Amino acid sequence: MAKCSICGRPAIYVSRASGLAFCEKHFLEYFSRKVRRTMRKYRMFGPREHIVVAVSGGKDSMSLLHFLHNLSKRVPGWRVTALLIDEGIKGYREYTIKRFFRFVEENNIDYKIVGFREEIGYTLDEIVKMGRERGLPYLPCTYCGVFRRYLLNKAAREMGGTVVATGHNLDDIVQTYLMNIIGNDWAKIVRLGPVSGPSHHPKFVRKVKPFYEVLEKETTIYAIIHGLYDGFEECPYAPLSIRWNIRKMINQLEERSPGAKYSLLRSLETAIDILRKHGIGEEEQLYTCAICGEPSAHPICRACQLKLELGILRLSEERIRSLPEKARRMVEAAIRRGEKR
Amino acid sequence: MAVKVRILGDGEKEVAYREGMRVVDVLRELSLLENEYVVVRRGKVVAEDEELVDGDELVLYPVVSGG
């Protein structure tokens, strides 16, 4: 039986990549040291912050909320609150919301829940159905990702947040990295770092990923030890995403060659450096969406484009004509995509 | 002579016990990857090389997130 590399007690976790083993106590110390090192290295937080933790109720985001809430007790200038986006996915989100409620109420954490139905007008289930009826080419994860990011930024700003922390772990990051390599989308890869930006827009709230260097296996152990993982729910749409296959592939690779995931993360960091030297990602100047006024990478934000394609958002001829040239063209293209087929 | 295995979100299974069996052997018999599950015995997380005894009951927590 493996022994803790620090105290010699029975180990609960063996890092096959480093060969180090840890008992429960020293695993938690290792975990905390690793996350705090990432936070320092990438200057995620200043001495005075209102950190809005984006929580789904799943084990990773619950672990992040638990971690930052406890850490904030030792940092007088920090306030930690929680934000949950309820997409409206039947048979899934209602269970994770219960876990979320239990935790924030027991720990007296201020929180906000924002629903797709209230903010977008429809639940994700309804949106997916509408998209299929219109013959739009998108997977459910596209609608979910676009509207969730849009609402996350808007709601965090309305809560007075100075920074949004998300529970993305090393596994999530390297999966996204490979997905974007396959999609040949280098502009997205350059934005995959642990801290968003350098985006300057008065309405944009900085996003950070404190678990950037933590394996998903490690966040899972952290969640189990702290009683944050008491049921497994699976998004019914997840198997439709290419991420599902990429994840399996990377996990099989890691099993054969321990350390492959860390190696992929280093590869991503090198790629970001090279891309920046070539000026990719430099033009990260943000627009203000000509329709909703939210910060956007385009003259019309992706959320408004999708709403137009779905027919959720309708604009009068006069309003379209009044838009600046680039924005008008984007609106017309989105309406055409929605009408096609 | 069996080890009972409950996989969260995926029901219960049994694996025939043999002398000197370890957690990793159970995972292999069920064709599961080590880095996709955390194994808990009697309420405590155990490492993959932990030796098992006949009649042990394990709970497997999926590492992959559900969304």
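**Entry 1: the hairpin in chain B**

How many residues lie between E1(B) and E2(B) in the hairpin they form? I counted 4, and I noted that Gly9(B) in the turn has a positive phi of about 80°. A reminder to myself before going on: this is a predicted model. Strand E1 covers residues 2-7 of chain B, and 5 bridges tie it to E2(B) in an antiparallel arrangement. I picked out one of the pairs: Ala2(B) has Ala16(B) of E2(B) as its bridge partner.

**Entry 2: the sheet around that hairpin**

Next I wanted the whole sheet of chain B. It is open, has 5 strands in the order E2-E1-E5-E3-E4, and its pairing is mixed. Which strands stand at the edges? They are E2 (12-16) and E4 (44-46) of chain B; each has a single partner strand, so one side of each is left without a neighbour in the sheet. On average, neighbouring strands here are turned by 35° against each other, with direction ignored.

I then checked how open E2(B) is. Of its 5 residues, the number buried is 0, so this strand lies largely in the open.

At the other edge, strand E3 (residues 37-41) of chain B runs antiparallel to E4(B), and 3 bridges join the two. Across that pairing, I found Val40(B) opposite Val45(B). The loop between E3 and E4 of chain B holds Arg42(B), and its phi caught my eye: about 45°, positive although the residue is not a glycine. With 9 other C-beta atoms within 10 Å, Arg42(B) is exposed.

**Entry 3: where chain A meets chain B**

I looked for what packs over this sheet and found a helix from the other chain. Helix H9 (residues 216-225) of chain A lies across E3, E4 and strand E5 (57-62) of chain B, at about 30° to E3(B).

For the contact as a whole, I have 29 residues of chain A touching 22 residues of chain B. Which elements of chain A give two or more residues to its side of the contact? My list reads strand E1 (13-14), helix H2 (59-72), H9 and helix H10 (242-256) of chain A. H9(A) supplies the largest share, 6 residues. By type, the residues on the chain A side divide into 14 nonpolar, 6 polar and 9 charged.

**Entry 4: the nonpolar core**

The largest nonpolar core came next, and it has 104 residues. Among the residues with the most contacts inside it are Tyr13(A), Val53(A), Val55(A) and Val38(B), so I was pleased to see both chains on the list. H6(A) gives the largest share of this core, 9 residues.

I followed up on Val55(A). Setting aside residues up to four places away in sequence, it touches Ser61(A), Met62(A), Leu65(A), Ala82(A), Leu83(A), Leu84(A) and Phe100(A).

Then I turned to H6 itself, residues 140-158 of chain A, where Cys144(A) has its place. Is Cys144(A) buried or exposed? It has 22 C-beta neighbours inside 10 Å, and therefore counts as buried, the cut-off being 20 or more. Beyond its neighbours within four places in sequence, Cys144(A) is in contact with Glu87(A) and Leu124(A). I also took a distance to Gly88(A): 56 residues away along the chain, with the C-alpha atoms separated by 10.0 Å.

**Entry 5: helix H5 of chain A**

Leu124(A) led me to helix H5 (residues 124-133) of chain A, whose buried residues are Leu124(A), Ile127(A), Val128(A) and Gly131(A). Down the axis of H5(A) they fall within an arc of 100°, so they line one face of the helix. The spacing makes sense to me: an α-helix has 3.6 residues a turn, so residues three or four places apart point the same way. On the face turned away, I found the exposed residues Lys129(A) and Glu133(A). The cover over the buried residues of H5(A) includes helix H4 (116-119), H6 and helix H12 (302-310) of chain A. Just after H5(A), Gly135(A) has a positive phi of about 70°.

**Entry 6: two loops to finish**

Asn108(A) sits in the loop between helix H3 (93-106) and strand E5 (111-115) of chain A. Its phi is near 55°, a positive value in a residue other than glycine, and with 7 other C-beta atoms within 10 Å it is exposed.

Ser257(A) is in the loop between H10 and helix H11 (260-277) of chain A. It too is exposed, with 12 other C-beta atoms within 10 Å.

Methods:
Residues are numbered from 1 along each chain as its sequence is written. Chains are lettered from A and ligands numbered from 1 in the order in which they are written. This is a predicted model: local features need pLDDT of at least 70, side-chain atom pairs count only at pLDDT 80 or more; totals for chains, interfaces and linings use all residues. Two strands pair if DSSP finds at least two bridges between them. Axes are lines fitted to C-alpha atoms, for helices over the stretch in contact, and angles run from 0 to 180 degrees between N-to-C directions. Two residues are in contact if their C-beta atoms, placed from the backbone, lie within 7 Å. A nonpolar core is a set of buried Ala, Val, Leu, Ile, Met, Phe, Trp, Tyr and Cys residues joined through C-beta atoms within 7 Å. Ala, Val, Leu, Ile, Met, Phe, Trp, Tyr, Cys and Pro count as nonpolar, Asp, Glu, Lys and Arg as charged, and the others, Gly among them, as polar. The arc is that of the directions from the helix axis to the C-beta atoms.
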